[in-house]
Amino acid sequence: MARILVADDEEGVRSYLAEALEREGHAVLRAADGSQAAEILDREGVDLVITDLKMPGLDGMALLQKIRAEQPDVEVVMLTAYGSIENALVAMKAGAFDYLTKPLASPTELRLVVARALERRALLNLRAGTAAQASGFTLTWGAPAMAPVVEALRRVAATQATVLLLGESGTGKEVAARAIHAWSPRASGPFVAVNCAALTETLLESELFGHEKGAFTGAHSQRRGRIELAQGGTCFLDEIAELKPALQTKLLRVLQERTFERVGGTRTLEADVRWIAATNRELAEMMAKGDFREDLYHRLNVFPIHLPPLRERREDIVPLASELLASIGAELGRPGLRLAATAAEKLKSQRWSGNVRELRNTLERAAILSDGAEVTELALWPVTP
């Protein structure tokens, strides 16, 4: 059954709705006005909100706008007096699922609308899950340390906010960035990744912004940069701390003005992208030393999310290892590789200072050393003479 929030300033209406829904097995939260409803939504997860359109303080329309902006997967049903149906229709255009007129004719009417709203939410969640599976990522297998991370990723995905992913090398920051993209309104657009540490300053500038023909030696034709290729989608800047000062200045302008020019060009182009950056370094310390621009830091640090290292999410180690081993087996032409029980237990006890990258390297080496389908503890940590 679902978790439903009922918001109405009339106690009798709240009780009537809540009791009718609780008889159907739903868990019901009650709010006496829009402000109280907003407070509940900030700390509780719900599937559906039923709210009066007219309430003192924060009214139903303002509450709807908050929900659409912060929790777009939550369905909203409006309650309105018979003479205010036009306002309810306006609310539906703004994203409400349906409306009910007060007084309700019967609990049956309420149950039917609620059932349809929950059915729609389930369908949308199914589509989102399919999209996530297609993108090839799994964020966690139930580690408690990852629960707030996944919740934060889902919440910010629904917005256009710039995200800064923090954590040690190999903790899965690009996987998290792809999750944000897949769960966002920009999911149908491109996801374009740029490794700021992989290219020289000159090449990285051309890679980011593109260049015009003749802009420099070897520029024999016009080239679109990664920002341009990411139009309508997401641009992921990995290892952002490696960006040189001159490029930091140019990137800041793009973030502030959402425009840029190709190298050697004069035409101003729009940067319609969602920004996600990642680093394993302490940007605040770099900023204090003058190695990273303070204004760029604050532009990127709108919504920071820290990804815990693998040693803090040990519940994920064995399922992750099994998934990695399946991928390695496919690459080696040896499908069906599996971990021995003792090997799986040993994996959970390791520190994994290199996180997922170290785990994958260890498994790949063990797969190569293993003769059969089972990867043993000895193959993972062979005894050296």
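Reader: What area does the chain expose, and which atoms supply 51% of it?

Author: Happy to help! The chain exposes about 18800 Å², and carbon and sulfur atoms supply 51% of that area. Accessible areas come from the Shrake-Rupley method with a 1.4 Å probe, and for residues only the protein chains shown count as cover. This is a predicted model, in which local features need pLDDT of at least 70, side-chain atom pairs count only at pLDDT 80 or more, and totals for chains, interfaces and linings use all residues. Residues are numbered from 1 along each chain as its sequence is written, and side-chain values use heavy atoms, with hydrogens and water left out.

Reader: What makes strand 13 largely enclosed by the rest of the structure?

Author: Buried means under 20% relative accessible area (1.4 Å probe, protein chains only). In strand 13, residues 274-279, 6 of the 6 residues are buried, so the strand is largely enclosed by the rest of the structure. Strands here are DSSP runs of E with at least two residues, numbered from the N terminus.

Reader: Which residues of strand 13 are buried on one side and on the other?

Author: Arg274, Ile276 and Ala278 are buried on one side, and Trp275, Ala277 and Thr279 on the other. In a regular strand, side chains alternate between the two faces of the sheet.

Reader: Why is strand 6 said to pair with strand 13?

Author: Two strands pair if DSSP finds at least two bridges between them. Strand 6 (residues 163-166) and strand 13 have 4 bridges, in the parallel sense, so they pair. Leu165 has Ala278 of strand 13 as its bridge partner.

Reader: And how many bridges join strand 10 and strand 13?

Author: Strand 10 (residues 234-238) also pairs with strand 13 in the parallel sense, over 4 bridges. There, Thr234 has Arg274 as its bridge partner.

Technical notes
Buried means under 20% relative accessible area, exposed over 50%, partly exposed in between (1.4 Å probe, protein chains only).
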